[in-house]
Amino acid sequence: MNEWGDGTRVVTGGMAPAQAGQPLLPSPVFAAPFHLGDQPAGTADGYGRISHPSIRHFETALAGLEGGPVVAFATGMAAVSAVLLESLRPGDAVVLPSDGYYTTRQLAADYLAPRGVEVREVPTAADHSAAVDGARLVLLETPSNPGLDVCDIAEISTAAHRAGALVAVDNTTATPLGQRALELGADLVISSDTKALTGHSDLILGHVGCRDQRLADRLAAWRRAAGAMPGPFEVWLAHRSLGTLDLRLRRQADNALALVEVLAKTDGVSGLRYPGWPADPAYALASRQMRRFGGVVSFTLPSAETVARFVAESALVSAATSFGGLHSTVDRRAQWGGDDVPDGFVRFSAGCEDTADLVADVSAALDHAL
Ligand SMILES: *Cc1c(COP(=O)(O)O)cnc(C)c1O
C-alpha cells in the first residue's frame, strides 16, 4: 500500500494512466458479449457476467483502500450471501451477530439452517470465545447496525483462527477509511456500497475485500456461477462517488459529534450511542480499532409519534431507510419489525449539511417534538 493520505488515495485509486483526449476516469463500457475477434480464448473480455473493464477499475480502487484483492457484487446482500454460501457446507456452524443487519440473519434462518448449517447468534458486544469453537465462519459487524455496538476484531480473529474458522467483518457502517478489517486480522471484509461508501443514495452495490488472492478467486467463481455481477454504470457511478469519500466522511463525522453533544443534553433522549463519543461504552475500543467514526448515531425518543413529530418539524432531516448519504436522514427501525429495538428507536444518519445549520434545525425540531 502506498503512503498517501486518505483524500489522495480515494481520488487516485483505480485511475488509468492519463491519455490525451481521454477522460480522467474511464467512462463505463457497455457490453453483454464483447467481440472476440481473433484473440485466443481467455485473453480478452468475453462476457459481462464474468468480467468487464469498468468493474476492474472499481475493484482496483477498492483494493488499495481495503489492503487486499476485492470482488464487487451487485448488492450488499449479494456480497454477504457470497461469503456465507461459498464457505458453508451442511454440518458446518456459522456465528452471526444477533444485533446486526436483519436481512443477514433472515438469510441464514431461511436458507442456511434448512440446509443443515448450524446458525449461532451472538450479541456484538458479548464474549465470542465459546461460540467460535467448532465454527467454520465467524461473521462480525462492527459498529453493528442499528445499535452501534463494537467488538474487538483482532481479539476475536485470533480466537477464531485458533479454532480453525474464517473471519468476515461486515464493515458497511465504518467503510474502509473508518476501519481496516483485513489489517486487524479478518480474512474477509464485506461492504454494502449502497451506504456511506458511495454516499449519494442513488445506487445499490456491494463488495468483499479478501486477505489473499485465493479467497478472491473463490468469490469471483461464486459471482460468475450465481450471477451477482454489477453492471458497468453502477460501478462507474460508485467509482466517481468514491473520490469524495474522505470529504464526505469528515463532514458527516463532524455533524454526528456535534449532534451527539446536543442530544446528550436533551431531556427525553435516551440510549444515545456513537462510537466517537467519549461517554459511549464502546469509545475506548472504537478509538483503538477505528480510524474515524462515521456519521451514524442512534438514540431513543419516547414514542413512534415523537419520532414522526421530530421529522415533521425538521427542515433538513427526512425519513428514509438506508444511511450514509449526503442528506441527513432518520430511520425509525421498529417500523420494519426485524430489530429488537423500542418503538422510538432512531438510527440517525448525519449528512453533509453545514454543521451549524444541522445542529440548529435538529435542536429546534426536538424542542417542538418533545
Ligand atoms: C444495507 C446493509 C447490507 C445490505 O446491503 P444492500 O446493498 O442493501 O444489499 C448489509 N449489511 C449492512 C450492515 C447494511 O447496512
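**Ligand shell, helix H5 and Thr300**

An N or O atom in the side chain of Lys195 lies 2.8 Å from an oxygen atom of the ligand. The protein covers 93% of the 380 Å² of accessible area that the ligand has on its own. The model is predicted. Two further polar contacts were computed at ligand oxygen atoms. In one, the partner is a backbone N or O atom of Met77, at 2.8 Å. In the other, an N or O atom in the side chain of Ser192 is 2.9 Å away. The ligand is surrounded by 14 residues, of which Met77, Asp170, Ser192, Thr194 and Lys195 come nearest. By class, the shell holds five nonpolar, six polar and three charged residues.

Helix H5 spans residues 153-162, and its buried residues are Ile153, Ile156, Ser157 and Ala160. Viewed down the axis of H5, these residues fall within an arc of 105°, so they line one face of the helix. They pack against strand E4 (137-141), strand E5 (166-170) and helix H10 (283-289). Glu155 and Arg162, on the other side of H5, are exposed. At the start of the helix, a side-chain oxygen of Asp152 comes to within 3.2 Å of the backbone nitrogen of Ala154. After H5 comes Gly164, with a positive phi near 85°.

Thr300 belongs to strand E9, residues 296-300. Its relative accessibility is 13%; Thr300 therefore counts as buried, the cut-off being under 20%. Leaving aside residues up to four places away in sequence, Thr300 touches Gly268, Val269, Ser270, Pro342, Gly344 and Phe345.

Definitions and conventions. Residues numbered from 1 in each chain as written. Predicted model: local features only at pLDDT ≥ 70, side-chain atom pairs only at ≥ 80, totals over all residues. Heavy atoms only, no water. Helix = DSSP H or I, 4+ residues; strand = E, 2+ residues; numbered from the N terminus. Buried < 20%, exposed > 50% of the residue type's maximum accessible area, 1.4 Å probe, protein only. Contact = heavy atoms within 4.5 Å. Near = heavy atom within 4 Å. Polar contact = N/O pair within 3.5 Å; in protein donor to acceptor, adjacent residues only side chain to side chain. Areas by Shrake-Rupley, 256 points an atom, 1.4 Å probe, with all protein chains shown as cover. Nonpolar A, V, L, I, M, F, W, Y, C, P; charged D, E, K, R; others polar. Arc of directions from axis to C-beta.
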